[in-house]
Amino acid sequence: MNLQGFLLLLLQQQKYRDMLIPAARASRLFGTDGGLMLTLYAAFPSEFSLDIPLFARIDMLDVPLYCDQFERRGVTGAVVHFADIDTERRATELLSKELYINLREDNQEEDDEFYMEDLVGFHAEAKGLAGEVTDYIDSEINPLFEVTTAEGNAVLIPAAEEFVAKIDFEKRRIKFVLPEGLIDLNAK
């Protein structure tokens, strides 16, 4: 995944996290083909459509899981088979995880596409660095953000997903996690 794809995923995560509500828990395996038994919470909709994904929080990301099959078992139970989870080993990774659902009325997709240049003007922070993203240097080999500190020093930061910890699009802030010495090395 490239950085722009990663940043788009972060943007979507931030929007969806506020709209997701706990709906079920993966309680045990069902068969050997990746099936799971779910314990449904009261918030789970009585009329559930396979077009609506459930979300599992994995490594602090809300990962959408689309159901290939969903069969209710009583009022608070269900058997589910998720797309791309077709082995017992993969299903085991979801055991005891809480599943979330987006019950917002207007489930219409919004245009979340943005360009790296859109981050220019964001407040940037990292350990030992605070400033503003003043430029995006588009290079196929090594794209860079230029961050200018309050003292007027320009620091170049590689635009790589492993250095981006969080982006808050509403507050226009980006938080970097940088290797020790990178700020001094890349100061212009």
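Here is a chat between a biologist and a modeller about some side chains in this predicted model.

Biologist: Let's start with aromatics. How many aromatic pairs does a search of the whole structure find?

Modeller: Searching the whole structure gives six aromatic pairs. One of them is F122 with F169, an edge-to-face pair with 5.9 Å from centre to centre and 80° between the planes.

Biologist: Why do you quote two numbers for a pair?

Modeller: Aromatic ring pairs are described by how far apart the centres are and by the angle of the planes.

Biologist: OK, and where do F122 and F169 lie?

Modeller: F122 is in the loop between β7 and β8, and F169 is in the loop between β12 (164–168) and β13 (173–176), so this pair ties together parts that are 47 residues apart in sequence.

Biologist: Is F122 buried or exposed?

Modeller: Buried, because its relative accessibility is 2% and the cut-off for buried is under 20%. F169 has 21%, so that ring counts as partly exposed.

Biologist: What about F145 and F176, how is that pair arranged?

Modeller: Their ring centres are 5.8 Å apart and the planes sit at 55°, so the pair is called tilted. F145 belongs to strand β10 (residues 144–149) and F176 to strand β13, which makes this a link between distant parts of the chain, 31 residues apart.

Biologist: And how accessible are F145 and F176?

Modeller: F145 comes out at 0% relative accessibility, so it counts as buried. F176 is at 2%, so it counts as buried too.

Biologist: Which residues form an aromatic cluster?

Modeller: F44, F48 and F70 form one cluster.

Biologist: Switching to charges. How many salt bridges does a search of the whole structure find?

Modeller: Five salt bridges turn up. Among them is E125 with R173, where the closest N and O atoms are 3.1 Å apart. That pair links distant parts of the chain, since E125 is in strand β8 and R173 in strand β13, 48 residues apart.

Biologist: How accessible are E125 and R173?

Modeller: E125 has 28% relative accessibility, so it counts as partly exposed. R173 is partly exposed as well, with a relative accessible area of 36%.

Biologist: Which residue does R73 meet in a salt bridge?

Modeller: R73 meets E71, at 3.1 Å from N to O. R73 is partly exposed because its relative accessibility is 37%, and E71 is partly exposed because its value is 43%.

Biologist: And what does E93 form a salt bridge with?

Modeller: With R89, and the closest N and O atoms there are 3.4 Å apart. R89 counts as exposed because its relative accessible area is 59%.

Biologist: Which residues gather in a patch of negative charge on the surface?

Modeller: That would be E117, D118, D135, D138 and E140. As for D118, you'll find it in the loop between β7 (98–102) and β8 (123–126). D118 counts as partly exposed because it has 39% relative accessibility.

Biologist: Last topic, backbone angles. What is phi of S96?

Modeller: Phi of S96 is near 70°, so a positive value in a residue that isn't glycine. S96 sits in the loop between α2 (88–92) and β7, and it counts as exposed because its relative accessibility is 53%.

Biologist: And what is phi of R172?

Modeller: R172 isn't a glycine either, and its phi is positive, about 55°. R172 is in the loop between β12 and β13, and it is partly exposed, with a relative accessible area of 38%.

Notes. Residues numbered from 1 in each chain as written. Heavy atoms only, no water. Patch = residues over 30% accessible without salt bridge, like charges linked within 9 Å, V, L, I, M, F, W, Y side chains within 5 Å. Areas by Shrake-Rupley, 256 points an atom, 1.4 Å probe, with all protein chains shown as cover. Salt bridge = Lys/Arg side-chain N within 4 Å of Asp/Glu carboxyl O. Lys, Arg positive; Asp, Glu negative; His and termini not counted. Charge placed at Lys NZ, Arg CZ, Asp CG, Glu CD. Helix = DSSP H or I, 4+ residues; strand = E, 2+ residues; numbered from the N terminus. Buried < 20%, exposed > 50% of the residue type's maximum accessible area, 1.4 Å probe, protein only. Phe/Tyr/Trp six-rings, centres within 6.5 Å; stacked < 30°, edge-to-face > 60°.
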